[in-house]
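Biologist: I am new to this structure. Please take a close look at one part, the largest pocket, and describe what surrounds it and what it holds.

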Amino acid sequence: MRKNFQDVLDSAINQVKMLRQLGVMGLFFLEVDHFEDDGVVAVSDGKKYINVAGYSYLGISQRREISGAVAECASSLGVGSHGSRVIAGTNALHIRLEERLAEIHGKEACAVFNSGTAANLAAVSVLVGKGGIALVDELSHRSILDGARLAKGARVEKFKHNDTEDLKSKLEILLEEDRNILVVCEGVYSMDGDVAPIDDISHVCKTYDVPLMVDEAHSIGVVGATGGGVSEHFSLPPDAIDVKMGTMGKAMPGYGGFICGTREIVDAVRAQGASYFFSGALPAYVMAANLKSLEIAAESPHERMDKLRSSADSLRAKLNAEGLDTGDSQTCIIPVMVGDEMQCYGYAKLCLDKGLWAVPISWPAVPFGEARLRVSISASFTEEHIQKAADILVSAAKEFGVLD
Ligand code: PMP
């Protein structure tokens, strides 16, 4: 094999090799055979684990109505993709989902993509445009940065995490250039569980007349009285955020991504977003799962969200009372800060041995030296599950020197 090609493979594989040597691959790739207790317990090779690894915040992924809707749809519309959204791939359920999402988020229009990643790639690249500037929160998801890189001659500038003053001063400098600027941030940050000050960020964007796009992958179903996301959390009018992006594959147990905005914005992204029109569409049965998920999420949403919030508060309080650092978490995403990468892997492995599945997060997902166990719970957790999770996290932390 040519040496240059071998070098490329080696550099790509180095981190994986290290994780294999440490024997921690099972943490990332636990082979789940089935779930119990509404997804709270993962069963793998006959062993049960409390599942604080996933993103199924609403805890409705095991609902029979959803799998029933999938089966029924597959029997009438089949299982294929049939082509991209613009070539035979669109069916009535894609349209129904787009109409429903636009209605839920108080926007004129919505476009559904094959994933949240595909939605960000299309929306950010198109809305930043040729030679434009994406001004993004420094902790923004990789797909947002990649979207900006797809726009020819565009560049990425970053403002300090959740820092409205820094956003303002960066905007003042950047507006000296005659370029389009799109501000992009997230609603809730998936590795920290903190809520972005979207009320203030929106105010700054309106003041300087620049559009704001918010990635709500981890805020829809996580914040807001009914799980509506940051607009509901901050009681904002629908036009406070120009483009809302979300995913159907986290709190909602389906798959796909979407953007909501004015018809003109959505049409522009459909017309130019490569990930929209060059990729085979999601099959109809996935849309059936998405639609049914939205229906179930709308049943008793206040009760579900109250339970999620009180369970998260309870777990955070138990961990903090024992001296564990949960950073700036305000939601059901509760990182347990460790710092050192190796210690974090060892800690996660010991938790797994004790029956709790949490994924260690290290560079490049978070800054180097800020490794943490990413713990997230769903609305299906009972107080008993919470207590068990806390006991394991604390006892493993003591044994492994995370806590003195
Ligand atoms: N945005 C954020 C903030 C995410 O965390 C993710 C998924 N990890 C995505 C976008 C991509 O969503 P999807 O998994 O639907 O591609």
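**The largest pocket and its ligand**

Modeller: The lining of the largest pocket is made up of 47 residues, and those nearest its centre are His141, Met191, Pro364, Ala365 and Val366. A pocket here is an open set of points on a 1 Å grid over the protein atoms alone, where a 1.4 Å probe fits and protein lies on both sides within 12 Å along at least five of seven lines; lining residues have an atom within 4 Å of a point. The model is predicted, so local features need pLDDT of at least 70 and side-chain atom pairs pLDDT 80 or more, while totals for chains, interfaces and linings use all residues. Residues are numbered from 1 along each chain as its sequence is written, and side-chain values use heavy atoms, without hydrogens or water.

The space in the largest pocket comes to about 1200 Å³ (the volume filled by probe spheres set on the points). Its lining takes at least two residues from each of α1 (3-22), α6, α7 (142-150), β9 and β13 (359-361). These are DSSP runs: helices (H or I) of at least four residues and strands (E) of at least two. Helix α7 gives the largest share of this lining, four residues. By class, the lining holds 20 nonpolar, 15 polar and twelve charged residues; Asp, Glu, Lys and Arg count as charged, and Gly as polar.

Pro364, one of the residues nearest the centre of the largest pocket, belongs to the loop between β13 and β14 (371-376). The peptide bond that leads from Trp363 to Pro364 is cis, and its omega is near 10°. Most peptide bonds are trans.

The ligand sits in the largest pocket (more than half of its atoms lie within 2 Å of the grid points). Around the ligand there are 13 residues (a heavy atom within 4 Å), and Gly116, Thr117, Asp215, His218 and Lys250 come nearest. This shell has two nonpolar, eight polar and three charged residues. Helix α6 (116-128) and strand β9 (243-247) each supply at least two residues of the shell. The largest share, three residues, is from α6.

Three polar contacts (N or O atoms within 3.5 Å) can be named for the ligand. One of its oxygen atoms has a polar side-chain atom of Thr117 at 2.8 Å. Another contact is with Thr247, where a side-chain N or O atom is 2.8 Å from an oxygen atom of the ligand. Asp215 places a polar side-chain atom 2.6 Å from a ligand nitrogen atom. On its own the ligand has 390 Å² of accessible area (Shrake-Rupley, 1.4 Å probe), and the protein covers 87% of that.

For context, the second largest pocket holds about 430 Å³ of space. It is lined by 28 residues, with Ile104, His105, Thr226, Gly227 and Gly228 closest to its centre. Strand β9 is among the elements that each supply at least two residues of this second lining, as it is for the lining of the largest pocket. The second lining has 16 nonpolar, seven polar and five charged residues.

Key:
Polar contact = N/O pair within 3.5 Å; in protein donor to acceptor, adjacent residues only side chain to side chain.
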